[in-house]
Amino acid sequence: MTDQNSLFSYRECVKEDNVNLSVRLGRIKLSNPVIICSGTFNYGVEYNQFYDTSILGAVTTKSYSLKPREGNPPPRICETTVGVLNSIGLQNDGIDKFIKKHLPEAEKLGIKLILSIFGQSEEEFSKLAYRILEIENKILAVELNLSCPNVKRGGIAFSVVPNEVRKIVRSVVRILKIPVIAKLSPNQHNLIEAAAAAKRGGAEAISIINTVVGMAVDIETFKPKLSSVTGGLSGPAIKPIALAKIYSLTREKILPVIGMGGIFSLEDALEFLIAGASAVGIGTANFIQYDIGKRIVDGLRTYLESRRIYDINEIIGGLKT
Amino acid sequence: MKLLKGEIISNEKYNDKLYKTSIFSPSICKEAQPGQFINVKCAPHDLSDPLLRRPFSIFDIEEEFNVFTILYWVKGKGTRFLSYLEKGDILDFVGPLGCGIDLKETKGNILLIGGGIGIAPLYFIAKKAKMLKKNVFFAAGFKNRDCIRWEKDLIELKVNYIVLTEDGSWGEKGLVSDYIWRNIKMFKDYDVYCCGPTDMLRTLQNIYKGSNNKITALLEERMACGVGVCNGCVVKIKKGKRGFSYKKICQDGPAFDLKEVIFD
């Protein structure tokens with residue numbers, strides 16, 4: 001057999017279905033490991049104009065609170081070197097509007113949703129969970145936003161205090177049957193403790209990293225470039241930080257990790273998977289490359305085919321140190 | 001809205017800072033309405049600096065050639081990148097974005113008030129309004145004569161216009177908002193569209209407070225996604241008697257009733 005023939009027969013035999021892209025994070029089963037990060041995609045409907053967003057492993061909605069929130073005053077966005085600072089302040093329509101209006105729209109398009117929620121107290125998280133009860137069979141999981149740097153309770157994010165993390169996760173887990181994910185922050189020294197606390201509370205997976213606290217100054221006006229002075233940094237600038245956090249957390253084998261922070265290409269996504277993330281979150285890149293989610297899903301398949309790897313799980317955590 | 005790529009047809013330098021770039025795009029020419037914009041990747045393929053796309057309002061459309069144009073000041077990395085583009089280069093952009101302005105609903109008389117580069121979206125409004133046989137008056141204000149070469153576009157429009165500069169080096173001396181204030185009676189039967197610096201818009205809001213004129217402002221704010229998902233580019237809009245809500249410039253705008261806008 002010539003080389004050409006062997007290549008031909010190889011291509012013949014590795015058809016799309018022969019490459020397994022599906023991953024499992026506890027009870028969360030995804031058709032592929034590509035997830036959209038909260039706050040960068042609404043709930044998947046807008047981007048459906050650019051590609052079929054139902055092909056994604058999951059779309060994490062923006063964070064919904066019990067009541068609608070107006071968010072922070074502008075300016076809310078500021079570009080820094082290969083990064084974006086934001087201070088949106090969790091502007092959202094409230095959970096009821098999500099249930100009545102947004103969810104049916106996403107459902108119609110077959111988008112697999114992870115619902116991100118945000119509360120200012122354990123009680124608020126519980127109330128949100130009760131509201132979600134009626135729709136829990138329509139979503140894959142709930143992600144608890146415990147780490148937004150732009151909205152803080154008493155000056156600190158919940159994720160910084162492991163006991164708070166445990167209590168909040170517990171308060172939601174005891175109400176809902178669907179899996180619960182805890183989204184934690186890079187802006188804390190005790191990430192591993194917080195992840196362990198999330199596990200004790202009953203979480204199924206951890207999402208890291210949320211944005212990194214940062215700031216920028218206008219040298220003409222002497223004013224901060226964001227109305228809230230500091231904001232959350234995202235984009236390629238934070239990718240090495242995210243990778244290091246994911247590596248250190250996945251080594252502890254506490255819970256499966258959804259890795260995110262500056263993923264802008266297939267190569268970036270692969271780095272996160274190899275470092276130990278069971279799934280990857282695409283965030284800020286959606287603002288620039290509107291079809292990045294699809295490109296990464298397709299790219300993963302091609303990458304695996306070209307290396308004759310038939311299961312994506314073979315590369316997850318495959319880092320050689 | 002679509003992900004698009006278009007060939008640069010020309011990149012005309014008006015002066016060191018002001019450029020007009022023409023792009024081939026049947027899709028934009030067919031679909032875009034006045035007030036809409038495109039979100040442009042202002043870095044070479046696969047490079048990430050600058051990271052975010054930059055929004056540009058559509059300045060003009062030449063349907064017969066499937067060519068549209070954008071007019072911009074070179075201010076930072078993004079616009080500098082655009083100014084270097086040459087005929088034959090390919091531009092990566094998304095559009096048309098934002099809500100279009102339906103000129104059929106407007107009065108027969110239209111007054112356009114532009115300050116600085118705020119003239120860009122107004123030009124397309126003027127052109128469409130002319131096509132609908134509306135009577136258009138264009139009042140444009142600048143700091144100095146830097147934009148003087150733009151006057152040829154204005155002449156091509158064949159509308160009545162006035163240019164004012166703060167230093168008097170081109171047209172009348174003074175502020176465009178002062179000119180409107182002085183001639184408010186002359187424009188009492190005009191629907192107004194304005195775009196420019198916040199100070200100009202705030203003054204116009206005061207001038208038109210309590211008047212019956214419909215006055216629409218095209219607003220800008222730092223933007224990330226351009227399609228309404230990031231909630232970055234918000235503006236305060238009156239809600240009820242004392243309240244307000246944040247509206248997204250990219251999705252709910254860029255055109256808003258100026259009387260409803262709250263400038264902090």
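Good morning. I shall begin in chain B, where strand S9 (residues 135-142) and strand S10 (residues 160-165) of chain B pair in the parallel sense, over six bridges. Please bear in mind throughout that this is a predicted model. Within this pair, B:Phe138 stands opposite B:Tyr161 of S10(B).

On the same topic, helix H6 of chain B, residues 198-208, packs on the sheet. Helix H6(B) touches strand S8 (109-115), strand S12 (191-195) and strand S13 (215-218) of chain B. The direction of this helix makes about 170° with that of S13(B).

Let me now set out the sheet itself. It is an open sheet of seven strands in chain B, in the order S11-S10-S9-S8-S12-S13-S16, and its pairing is mixed. Which strands stand at the edges? They are strand S11 (172-173) and strand S16 (255-257) of chain B; each has a single partner strand, so one side of each is left without a neighbour in the sheet.

Elsewhere in chain B, strand S3 (residues 37-40) runs antiparallel to S4(B), and four bridges join them. The bridge partner of B:Ile38 in S4(B) is B:Phe56. In a regular strand, side chains alternate between the two faces of the sheet. In strand S4 (residues 54-57) of chain B, B:Arg54 and B:Phe56 point one way, while B:Pro55 and B:Ser57 point the other way. Are these residues buried or exposed? All are buried.

I turn to chain A and two of its helix pairs. Helix H4 (residues 162-173) and helix H5 (residues 191-201) of chain A have axes that come within 7 Å and cross at roughly 25°. An angle under 35 degrees counts as roughly parallel, and therefore H4(A) is described as roughly parallel to H5(A). Their crossing is right-handed. The residues of H4(A) that take part include A:Val165, A:Val169 and A:Val173, and those they meet in H5(A) include A:Ala194, A:Ala197 and A:Ala198. By class, this contact has seven nonpolar, two polar and five charged residues.

The second pair is helix H6 (residues 239-251) and helix H7 (residues 266-275) of chain A, which pack at an angle of about 20° with their axes 9 Å apart. H6(A) and H7(A) are therefore roughly parallel to each other, and their crossing is right-handed. From H6(A), the residues A:Lys239, A:Leu243, A:Ile246 and A:Tyr247 meet A:Asp268, A:Glu271, A:Phe272 and A:Ala275 of H7(A). What is the make-up of this contact by class? The contact of H6(A) with H7(A) has five nonpolar, no polar and three charged residues.

Thank you for your attention.

Methods:
Residues are numbered from 1 along each chain as its sequence is written. Chains are lettered from A and ligands numbered from 1 in the order in which they are written. This is a predicted model: local features need pLDDT of at least 70, side-chain atom pairs count only at pLDDT 80 or more; totals for chains, interfaces and linings use all residues. Two strands pair if DSSP finds at least two bridges between them. Two residues are in contact if their C-beta atoms, placed from the backbone, lie within 7 Å. Axes are lines fitted to C-alpha atoms, for helices over the stretch in contact, and angles run from 0 to 180 degrees between N-to-C directions. Angles under 35 degrees count as roughly parallel, over 145 as roughly antiparallel, 65 to 115 as roughly perpendicular and the rest as oblique. A crossing is left-handed if the near helix is turned anticlockwise from the far one by less than a right angle, and right-handed if clockwise. Ala, Val, Leu, Ile, Met, Phe, Trp, Tyr, Cys and Pro count as nonpolar, Asp, Glu, Lys and Arg as charged, and the others, Gly among them, as polar. A residue is buried if 20 or more other C-beta atoms lie within 10 Å of its own, exposed if 12 or fewer, and partly exposed in between; C-beta atoms are placed from the backbone.
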